[in-house]
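Colleague: I'd like a close look at one part of this model, and then how it sits in the rest of the chain. Take your time with it.

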Amino acid sequence: MSDPRTTPSIFTRGAVDLSALRAPAPAKPAAPSRPAASDSAPAGAVPGTLPGLAPETIIDVTESNFQSEVLERSLSTPVILDFWADWCGPCKQLSPVLEKLAVEGQGAWVLGKVDVDANPRLAQAFRVQGIPMVLAVIGGQPVEGFTGVLSEAQVKQYIDAVLKAAGVSSGAAAPEDPRLDAADDALMVGDLDAAEAAYKKILAESPADAAAEAGLAQVGLYRRINGQDPASILSRAAADPDDLEAQRLAADVEVLSGQAEDAYARLVALVKRTSGEDRDAVRKHLLSLFAVAGPDDPAVAGARRALASALF
């Protein structure tokens with residue numbers, strides 16, 4: 001079983017043909033997407049920054065600047081691309097997380113924002129089939145990425161893997177918890193029993209551990225969806241809005257597909273239509289999906305307000 005915490009990657013190193021996007025460097029550099037250092041910047045200042053400011057960490061990537069801002073930059077600094085669109089709800093969940101982590105990375109890697117509507121050739125070259133989609137470019141070549149929304153902890157794990165592959169230090173980091181590492185490793189290889197036991201042990205010792213709570217919620221999610229056909233689940237739910245099991249499974253599928261907001265809305269609507277034990281079961285299911293995302297997810301905050309309104 002592959003890592004159940006991410007959707008299967010459609011990328012492998014070198015799998016994307018970027019030759020069509022390579023172009024001779026322009027005689028005059030294009031204006032940078034973020035403030036650049038002045039010619040009078042003091043010696044030792046980092047290129048692309050103003051004196052006293054952190055290195056450039058977030059850039060707008062277009063078809064015209066792709067070679068310089070991504071391919072050439074990636075020869076020295078890993079570039080993680082965020083394919084998004086203004087109309088994409090899940091993108092609005094993931095992009096703030098990526099931007100926050102990029103700033104915290106202090107230049108160890110650069111986040112490249114790619115608007116797929118404005119840059120269709122880039123979307124085609126990287127075989128974008130759904131957004132948000134994230135991948136990295138190291139040494140001019142794409143490496144594995146993911147599609148959909150992940151929690152901040154999972155995104156950090158992906159970034160750490162990218163930095164390790166690029167041989168780049170991520171800088172100062174919080175001490176790792178070997179208990180959590182063991183639980184995560186079990187989850188990554190699909191040993192749900194071992195992962196569940198490990199997360200429960202952490203929570204018994206540290207009840208407020210949000211990462212362990214999220215891990216345990218993920219175990220439950222993958223147990224419920226294991227062996228199920230997503231298309232059949234969604235069809236069944238569409239055919240019978242009052243089928244509680246189908247609706248809950250459909251919400252699980254939507255979360256795993258990066259459509260968490262749709263999942264939350266589905267279950268909040270179901271709470272409004274049910275009562276008694278059925279309502280409580282739906283409420284608990286929704287809370288378990290909140291735990292997967294984590295308390296800091298803005299979509300969770302909005303859905304919690306909607307749930308409170310539905311209950312009271």
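How near do the axes of helix 2 and helix 4 come, and at roughly what angle do they cross?

Modeller: Keep in mind that this is a predicted model. The axes of helix 2 (residues 89-105) and helix 4 (residues 152-166) come within 10 Å, and they cross at roughly 50°. That angle makes helix 2 oblique to helix 4. As for handedness, helix 2 passes helix 4 in a right-handed crossing.

Now for who touches whom. Helix 2 brings Leu 94, Val 97, Leu 98, Lys 100 and Leu 101 to the contact, and helix 4 answers with Glu 152, Val 155, Lys 156 and Ile 159. Sorted by class, that contact of helix 2 with helix 4 has six nonpolar and three charged residues, with no polar ones. The spacing of such positions has a simple background: an α-helix has 3.6 residues a turn, so residues three or four places apart point the same way.

Let's stay with helix 4 for a moment. Its 15 residues should span 21 Å at 1.5 Å a residue, and the end C-alpha atoms are indeed 21 Å apart, so expectation and model agree. The buried residues in helix 4 are Gln 154, Val 155, Tyr 158, Ile 159, Val 162 and Leu 163. Two of these names, Val 155 and Ile 159, you've already met in the contact with helix 2. Helix 2 is just one part of the cover, though: what lies over the buried residues of helix 4 also includes strand 2 (79-84), strand 4 (133-138), strand 5 (141-147) and helix 7 (210-225). Right after helix 4 comes Gly 167, with a positive phi near 70°.

Follow helix 2 out the other way and you get to Gln 106, in the loop between helix 2 and strand 3 (110-115). Its phi is near 55°, which is a positive value in a residue other than glycine. Gln 106 counts as exposed, because its relative accessibility is 60%. Gln 106 is also one of the residues that Thr 57 touches. Thr 57 itself sits in the segment before strand 1 (58-60), and at 11% relative accessibility it counts as buried. Leaving aside residues up to four places away in sequence, Thr 57 touches Ala 102, Val 103, Gln 106, Gly 107, Trp 109, Val 110 and Leu 111.

Strand 4, which helps cover helix 4, is worth a detour too. The loop between helix 3 (120-125) and strand 4 holds Pro 132, and a cis peptide bond joins Ile 131 to Pro 132, with omega about 5°. Arg 127 belongs to the loop between helix 3 and strand 4 as well. Arg 127 isn't a glycine, yet it has a positive phi of about 55°. With a relative accessible area of 41%, Arg 127 is partly exposed.

There's a long-range link from the helix 2 region as well. Gln 259 is in the loop between helix 9 and helix 10 (260-273), and its C-alpha is 9.7 Å from that of Gln 93, although the two are 166 residues apart in sequence. Not counting residues up to four places away in sequence, Gln 259 touches Pro 90 and Glu 254. At 35% relative accessibility, Gln 259 counts as partly exposed.

Glu 254 leads on to another helix pair. The axes of helix 8 (residues 230-239) and helix 9 (residues 244-256) come within 8 Å and cross at roughly 135°, which makes helix 8 oblique to helix 9. Here, helix 8 passes helix 9 in a left-handed crossing. Pro 230, Ile 233, Leu 234, Arg 236 and Ala 237 of helix 8 make the contact with Glu 245, Ala 246, Gln 247, Leu 249, Ala 250, Val 253 and Glu 254 of helix 9. By class, the contact of helix 8 with helix 9 has eight nonpolar, one polar and three charged residues.

Finally, the wider setting. The protein chain has 12 helices and five strands, and 42% of its 312 residues count as buried. Among contacts in the chain with a separation of 6 or more, 67% come from residues 24 or more positions apart.

Notes. Residues numbered from 1 in each chain as written. Predicted model: local features only at pLDDT ≥ 70, side-chain atom pairs only at ≥ 80, totals over all residues. Heavy atoms only, no water. Axes fitted to C-alpha atoms, helices over the stretch in contact; angles between N-to-C directions. Helix = DSSP H or I, 4+ residues; strand = E, 2+ residues; numbered from the N terminus. Parallel < 35°, antiparallel > 145°, perpendicular 65-115°, else oblique. Left-handed = near helix turned anticlockwise from the far one by under 90°. Contact = heavy atoms within 4.5 Å. Nonpolar A, V, L, I, M, F, W, Y, C, P; charged D, E, K, R; others polar. Expected span 1.5 Å × (residues − 1). Buried < 20%, exposed > 50% of the residue type's maximum accessible area, 1.4 Å probe, protein only.
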